[in-house]
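I opened this notebook to record a search for salt bridges. Which charged side chains pair, and where do they lie?

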Amino acid sequence: MSSATLGLDIGGTKIASGLVGLDGTVAEADATPTLGSGRQVVDQVAEIIDTYRTRHPIDTVGLAVPGGVDPRTGIITAAPNLAWLGLDLADRLHTHLPSSIFVHVDNDAGAAAWAEHRFGRHRDGDSLLLVTVGTGLGGGVVANGALVRGFTGAGGEIGHLPLLPGGRTCECGSHGCWEQYASGQALHRAAQAAGWDTATAGYDILRAAHQGDSEAADVVAGVAAHLVHGIMILTAILDPARVLLGGGLGTDPLFHFFVQEAAAQAELTPPRARVPLHPASLGVMAGVIGAADLARHATCGIATRA
Ligand SMILES: [Zn+2]
């Protein structure tokens, strides 16, 4: 029986896992509710790995975590949830696991971008921008065939691109972050400002736009224009073959239509005439697939670090 690579994506509400093949396919996919955060999940993660080890000879484990990971040390250096800060997850897990098992830790959004770059339906070229539009805005960057992690592990945190100087206060403590203008929360706020004064204002205005309400369409188009504005800035730096939109709002067909409309109006620096936008294709398992594949590359000494 040949050795296997296990991927785990540790989210705030669930831990997704699976055995990831060389071609990015996932076997024995599973998901279990997360019983804590940061140091509290170490025992649970070790138990999940042990469950797979009873059935398969696991030699490599890739972990995707909700925080920036220092590429030199594997320590989590930035995270919205303070319980993760300063955690050396690979080191903690090795108190439970044999030292022969290689454990690699990376940021969850970066892992998802890496998975789309390696195995996604729209993979093309060696540079890719993944923009995940859910309640907030996140994503990952692959440049010249390597995942961008930066100096401290905070590289690729595109949601906090300072789009408007002195703009709306962000949860990160800064002002005018891209996330404040192009996200599910931003659409919800814009809908409420336009009179959709309900708890589901963001969803309601999207549905009204779908039904031909021109005022609703203008609001959705405004959020889409902010999204494209940030994409154009990143495109000027990266020149990616493709830009992928992930997340609940990013993969919504109607919102995607408005983003395409805004992108068609955008002026790009020659020789680019336009940047192709596609929905991300790997869905909720992208983090698992990317974490496993990044771990496998790390064991082979193949550079994945920009
Ligand atoms: Zn911010």
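Entry 1, a buried pair. I looked up D106 and R149 and noted that both are buried (under 20% relative accessible area, where over 50% is exposed and in between is partly exposed, with a 1.4 Å probe and protein chains only). D106 and R149 form a salt bridge, with the closest N and O atoms 2.6 Å apart; the term requires a side-chain nitrogen of Lys or Arg within 4 Å of a carboxyl oxygen of Asp or Glu. The pair links distant parts of the chain, 43 residues apart: D106 is in strand β7 (residues 102-107), and R149 is in the loop between β10 (146-147) and α4 (184-193). Helices (H or I, at least four residues) and strands (E, at least two) are DSSP runs, numbered from the N terminus.

Entry 2, method. I recorded that the model is predicted, that local features need pLDDT of at least 70 and side-chain atom pairs pLDDT 80 or more, and that totals for chains, interfaces and linings use all residues. Residues are numbered from 1 along each chain as its sequence is written, and side-chain values use heavy atoms, leaving out hydrogens and water.

Entry 3, a pair between helices. I found a salt bridge between R118 and D293, at 2.6 Å from N to O. R118 lies in helix α3 (residues 108-119) and D293 in helix α9 (residues 286-300), so the pair ties together parts 175 residues apart in sequence. R118 is partly exposed at 30% relative accessible area, whereas D293 is buried at 1%.

Entry 4, a network. I noted that D293 also meets R296 in a salt bridge, at 3.5 Å from N to O. Salt bridges that share partners join R118, D293 and R296 into one network.
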